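This report is a first guide for a reader who has not met this structure before. Please keep the sequence and the 3D view at hand while reading.

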Amino acid sequence: MLASVMSAKMMMGYECQPGKIAGRRGMTMLAALVAAMLGCGVVIAADRPDSCDIEVLRVNRQRSFASAVPPGNYSGIAWLGGSRYAVVSDKSATDGFFVFDIELDSVSGKIRSVRNEGFFSSGGPNRDQEGVAYVPQGGRLYVSGEGDGRVLEYTIDGRHTGRQLALPEVFATAGSNYGIEALTYCPATRRFWLTTESTLPADGPQAAYGNATCNRLRLQCFGDSLQPGPFYYYETDLPEVRRRPAAYAMGVSGLCALDDGRLVVMEREFYVSRRKLGSWVKVKLYAVRPGGSQPGALLPKTKVLELKTRLSLFSYRLANYEGICLGPRLAGGGRVLLMVSDSQDRYGGVLKDYFKTVVVRCD
């Protein structure tokens, strides 16, 4: 989907936006003041009585590793264990995935280094790979393709096994744009989850400039049999765009399954100004708990945090995050959420392939 947004051929930057900071047990006023002074562009949401109880412990600054990571259109990430991660690029030369070695600080969760271990190809054509999930029990990877609307199974060296998720027929109506975008798997619950980037035709209109509506998405569950289970509805926030864009994207770009069955949903709104200055990307993380509702119900959601980047004359730190996964547990007990951005092959020599970690308490 991002290719159509970036066709406007712009350079983007980073906005420093202080915000309120709170958590399950609260953060001190001093911490909030420091965050504002650093201009970290992060808003960490305060808890509510219906909160899914995910406490943000630390939001680390994004980093890029140009000498070690090839320019890409990175759109999905999955933890393979240890320091290894599978990463998909929706514009890779062929169908397949990269494996990156990502070293994290064991206390802070900061990214120390990223190293490319290579691209593992199936030999087939690119499928507009958007999401990736890893099943450690069988050592298999699953990759969603927005181009062909399928989720295929791969060996760890990139070969097709011939198996795939049995998608309900309604997903065939998604088309190749705004289609199957986000994919995750939880070894603890032995469940896959996927969703489209925007609303399926059967479920209503799609959010867009001039159509201020919430995208209504299906969070679809699958078991280890690869057969579909129940689905639940998820609604994005209303679009925040107020001016006519040169290009625009609004929807869910990533999912992350937690060990207790909750999901972290990554919403992304991308506005490109006709004059380029003032263009922005907003990313929001929400938590939902499918097990607490009847199948087919609309899930209540709790905001975890939001990030915003904006065009600047003096900074080009755009990070259009499209992939997210659950990473290792740190020494202090927190878990790492690791995010990867799509730079459109480092467009114009200005954009970068950014990685970012958020440390949360989600037990």
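What follows goes through a sheet, a run of hairpins, one glutamine, the salt bridges and the nonpolar cores.

The model described here is predicted.

**An open sheet**

An open sheet of 4 strands has the order 4-5-6-7, and its strands pair in an antiparallel way. Strand 4 (74-81) and strand 7 (111-121) are the edge strands, each of them pairing on one side only. Averaged over this sheet and with direction ignored, neighbouring strands are turned by 25 degrees against each other. Strand 4 and strand 5 (residues 84-89) run antiparallel and are joined by 6 bridges, and within strand 5 it is Ala 86 that serves as the bridge partner of Ala 78.

**Strands 9, 10 and 11**

Strand 10 can be followed on both of its pairings. Strand 9 and strand 10 run antiparallel and are joined by 5 bridges, with Gly 145 standing opposite Arg 150 in strand 10. The hairpin of these strands has 4 residues between them, and in that hairpin Gly 149 takes a positive phi near 65 degrees. Strand 10 is also joined to strand 11 (residues 160-164), by 2 bridges and again with an antiparallel run, and here Leu 152 stands opposite Gln 164 in strand 11. The hairpin of strand 10 and strand 11 has 5 residues between the strands, and Gly 158 takes a positive phi near 100 degrees there. Strand 10 is mostly covered, since 4 of its 5 residues are buried.

**The surroundings of Gln 129**

Is Gln 129 buried or exposed? Gln 129, which is found in strand 8 (residues 129-135), has a relative accessible area of 0% and is therefore buried. A polar atom of the Gln 129 side chain lies 3.1 Å from the backbone oxygen of Ser 89, and the side chain of Gln 129 also reaches the backbone nitrogen of Arg 127 at 2.6 Å. When neighbours within four places in sequence are left aside, the residues in contact with Gln 129 include Ser 75, Val 88, Ser 89, Asp 90, Val 143 and Gly 145.

**Salt bridges**

The count of salt bridges comes to 28, and the table gives some of them.

| Salt bridge | Closest N to O distance |
|---|---|
| Arg 140 and Glu 153 | 4.0 Å |
| Glu 240 and Lys 284 | 2.9 Å |
| Arg 346 and Asp 353 | 2.7 Å |

The side chains of Arg 140 and Glu 153 meet in a salt bridge, and this pair links distant parts of the chain, with Arg 140 in strand 9 (residues 140-145) and Glu 153 in strand 10 (residues 150-154), 13 residues apart. Arg 140 counts as partly exposed because its relative accessible area is 30%, whereas Glu 153 has a relative accessible area of 4% and so is buried.

Glu 240 forms a salt bridge with Lys 284, and this pair too links distant parts of the chain, 44 residues apart, as Glu 240 is in the loop between strand 15 (228-235) and strand 16 (245-257) while Lys 284 is in strand 18 (residues 280-288). Glu 240 counts as partly exposed because its relative accessibility is 27%, and Lys 284 counts as buried because its relative accessibility is 8%. Glu 240 and Lys 284 also belong to a network of salt bridges, in which Asp 237, Glu 267, Lys 282, Lys 301, Lys 303 and Glu 306 are linked as well.

In the salt bridge of Arg 346 with Asp 353, both Arg 346 and Asp 353 are buried.

**Nonpolar cores**

In soluble globular proteins, nonpolar side chains tend to be buried together. The largest nonpolar core of this model has 30 residues, and the ones that touch the most other members are Ile 54, Leu 285, Tyr 321, Ile 324, Leu 337 and Met 339. At least two residues of this core come from each of several strands, among them strand 17 (263-273), strand 19 (302-310), strand 20 (321-329), strand 21 (335-341) and strand 22 (354-361). Apart from its neighbours within four places in sequence, Tyr 321 is in contact with residues including Met 266, Val 283, Leu 307, Met 339, Val 340 and Phe 355. A second, separate core of 19 residues includes Ile 102, Leu 104, Cys 325 and Val 336.

Methods:
Residues numbered from 1 in each chain as written. Predicted model: local features only at pLDDT ≥ 70, side-chain atom pairs only at ≥ 80, totals over all residues. Heavy atoms only, no water. Buried < 20%, exposed > 50% of the residue type's maximum accessible area, 1.4 Å probe, protein only. Polar contact = N/O pair within 3.5 Å; in protein donor to acceptor, adjacent residues only side chain to side chain. Contact = heavy atoms within 4.5 Å. Pairing = 2+ DSSP bridges. Axes fitted to C-alpha atoms, helices over the stretch in contact; angles between N-to-C directions. Core = buried A, V, L, I, M, F, W, Y, C linked by side-chain atoms within 4.5 Å.
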